[in-house]
Amino acid sequence: MEKIFNQYKWPILIGTAGFILAILFLTVGFLQTMLILILTIAGSVLGFYLQAHGILK
């Protein structure tokens, strides 16, 4: 099972992200979903930046 997951890791992860995105679009609405996505991406970028500069360890 681990071999199959490793072989198809990215399609599984991207498919799962698409599924979650579709649920957000249907339940929350388009503008709220875009705001959630933008803030999530901004938080991730900030976290990677702070970790790369040694502020977060």
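The legends below describe an overview and several close-up views of a predicted model.

**Figure 1. Overall fold of the predicted protein, which contains three helices and zero strands.** Read along the sequence, the elements follow the pattern α-α-α. The C-alpha trace extends over about 35 × 35 × 10 Å along the principal axes, and the radius of gyration of the protein is 15 Å, whereas a compact globule of 57 residues would have a value near 10 Å. Buried residues account for 4% of the 57 residues, and the protein exposes about 5,100 Å², of which carbon and sulfur atoms supply 76%.

**Figure 2. Confidence of the prediction along the chain, with a mean pLDDT of 84 for the protein.** A pLDDT of 70 or more is reached by 98% of the residues. Among the elements, helix H1, which covers residues 2–7, has the lowest mean pLDDT, at 79, while H3 has the highest, at 86.

**Figure 3. Close-up of helix H2, which runs over residues 9–27.** With 19 residues at 1.5 Å a residue, helix H2 should span 27 Å, and its end C-alpha atoms are indeed 27 Å apart, so the expected and modelled spans agree. Gly15 lies in this helix and counts as partly exposed because its relative accessibility is 41%, a value between the 20% and 50% cut-offs. From Gly15 to Ile55 the separation is 40 residues in sequence and 33 Å in space, taken from C-alpha to C-alpha. Just after H2, Gly29 adopts a positive phi of about 115°.

**Figure 4. Close-up of the one aromatic pair in the structure.** The pair is formed by Phe25 and Phe30, whose ring centres are 5.5 Å apart and whose planes meet at 15°, so the arrangement is classed as stacked; the cut-off that matters for this assignment is that planes under 30 degrees apart count as stacked. Phe25 belongs to helix H2, whereas helix H3 covers residues 30–52. The two residues also fall into separate accessibility classes: Phe25 is partly exposed because its relative accessibility is 31%, and Phe30 is exposed, with a relative accessible area of 52%. When its neighbours within four places in sequence are left aside, Phe25 is in contact with Phe30, Thr33 and Met34.

**Figure 5. Close-up of Thr33, a buried residue placed in helix H3.** The relative accessible area of Thr33 is 0%, and Thr33 is therefore assigned to the buried class, for which the cut-off is under 20%. Beyond its neighbours within four places in sequence, Thr33 is in contact with Leu21, Leu24, Phe25 and Val28. Of these partners, Phe25 has its place in helix H2, and the contact between Thr33 and Phe25 appears as well in the list for Phe25, together with Phe30 and Met34.

**Figure 6. Close-up of helix H3, with attention to Ala52 and to the residues that follow the helix.** Helix H3 contains 23 residues, which at 1.5 Å a residue should span 33 Å, and its end C-alpha atoms are 33 Å apart, so the expectation and the model agree. Ala52 is placed in this helix, which covers residues 30–52, and Ala52 counts as exposed because its relative accessibility is 65%, with over 50% as the cut-off for that class. The C-alpha atoms of Ala52 and Ala42, which are ten residues apart along the chain, are separated by 15 Å. After H3 comes Gly54, whose phi is positive and near 80°.

Technical notes:
Residues are numbered from 1 along each chain as its sequence is written. This is a predicted model: local features need pLDDT of at least 70, side-chain atom pairs count only at pLDDT 80 or more; totals for chains, interfaces and linings use all residues. Side-chain values use heavy atoms; hydrogens and water are left out. Rings of Phe, Tyr and Trp (its six-membered ring) pair if their centres lie within 6.5 Å; planes under 30 degrees apart count as stacked, over 60 as edge-to-face and the rest as tilted. Buried means under 20% relative accessible area, exposed over 50%, partly exposed in between (1.4 Å probe, protein chains only). Helices (H or I, at least four residues) and strands (E, at least two) are DSSP runs, numbered from the N terminus. The expected span of a helix is 1.5 Å times one less than its number of residues. pLDDT is the predictor's confidence in each residue, from 0 to 100. The radius of gyration is taken over C-alpha atoms; the globule rule is 2.2 Å times the number of residues to the power 0.38. Accessible areas come from the Shrake-Rupley method with a 1.4 Å probe; for residues, only the protein chains shown count as cover. Contact means heavy atoms within 4.5 Å.
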